[in-house]
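Work through these short exercises with the structure in view. Try each task before reading its solution.

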Amino acid sequence: MVTVNLGMLHHILDHVYGAFMHRTKISPPFFSRGWGGAKLDLLERMIKQLFPEAAENWPPSLIQPIWKTVWETKTACLREGVFKTPCDERLLSALPPESHTARVAFLTPKFVPPQKMACVVHLAGTGDHTFERRLRLGGPLLKENIATMVLESPFYGQRRPVLQRGARLLCVSDLLLLGRATIEEARSLLHWLDSEAGFGKMGVCGLSMGGVHAAMVGSLHPTPVATLPFLSPHSAVVAFCEGILKHATAWEALREDLAVQKAAMTLEDVRERMRNVLSLTDVTRFPIPKNPNAVIFVAATDDGYIPKHSVLELQKAWPGSEVRWVTGGHVSSFILHNDEFRRAIVDGLDRLQWKESPS
């Protein structure tokens, strides 16, 4: 009788998918245009100032989404909204013009007062250009009186720059810019859900890269929100320098870009510079969220993109948070474990107090 190690199969699936997606010439590599020059310097400075600025700049300027109804039934309504990104002038000038307008999908139960509902903001994973997958994740939660707000990332979907192919960001600065703008937009959405829409509880979740951003947003929020990173590393260093995406990175183009400033650059020097830049995305350096008990990480046992040590570093940095393991790899868990992600959303929100209604 042949025994099959299922964990190994899941891990191999990640590598086969990774080889197909990242080592073939089907799509260009990440960062084929280099580091991003002055934009990278700006982003590095801005991210280093993120913690004091996040506290000082609260509340954010109120966004004013313009809504249109996509469909409604007797029990639910789906609307799509657009609003001007709340990023400040420095970020706005660095963002491609296509990304200046933010887009969201908003799925809500009908006939439930907002103060008796929760809403979760769903952030995009790498390559998630549309609303559909995240709406499918959130849809079954309507019966639990949980609404879903899906944000289209800068650089993705209708916000993708014209020269960018798929999710393959052209410069390293674009990755930091995407992250910083997503954080600003998600913070403004949470503020809108609280102050304008009047929801009784709120959360933020995301898969993979979206989970890193969700962890950052939850960490910086001034009041307790459920924070739900799924299949997420503690830092983008893990994804691009350790996991499968290292095979999808234009190391030679990055080396040539650096060699303009300093002639004798080895590939190891380039990787060290990348680790240094992406260490800015290390969530373990972020403040502990206001209610760490409402932080639930869902991680996969055999993830070819995210090693186990990365998830455990986050849990260690945020005492009181919980890690739940699902059996599978990155790709198979993404497809097979939506029920586990939904359970984490429900449980995370259950660990929050309902907001006091204004009397």
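Three exercises with solutions follow.

This is a predicted model: local features need pLDDT of at least 70, side-chain atom pairs count only at pLDDT 80 or more, and totals for chains, interfaces and linings use all residues. Residues are numbered from 1 along each chain as its sequence is written, and side-chain values use heavy atoms, without hydrogens and water.

**Exercise 1.** Find out whether T75 is buried or exposed, and what T75 touches.

Step 1: locate T75. The loop between strand 1 (66–72) and strand 2 (76–84) holds T75. Strands are DSSP runs of E, at least two residues, numbered from the N terminus.
Step 2: check exposure. T75 has a relative accessible area of 57%. Exposed means over 50%, buried under 20%, partly exposed in between (1.4 Å probe, protein chains only). T75 is therefore exposed.
Step 3: list contacts (heavy atoms within 4.5 Å). Not counting residues up to four places away in sequence, T75 touches T108, P109 and K110.

**Exercise 2.** Do the same for M117: is M117 buried or exposed?

Step 1: M117 sits in the loop between strand 3 (101–109) and strand 4 (118–123).
Step 2: its relative accessibility is 4%, so M117 counts as buried.
Step 3: beyond neighbours within four places in sequence, the contacts of M117 include N145, F199, G200 and W354. The C-alpha atoms of M117 and G200 are 5.7 Å apart, with their positions 83 residues apart along the chain.

**Exercise 3.** Work out how many residues of helix 6 are buried.

Step 1: helix 6 covers residues 172–195. Helices are DSSP runs of H or I, at least four residues.
Step 2: 22 of the 24 residues are buried, so helix 6 is largely enclosed by the rest of the structure.

Key. Expected span 1.5 Å × (residues − 1).
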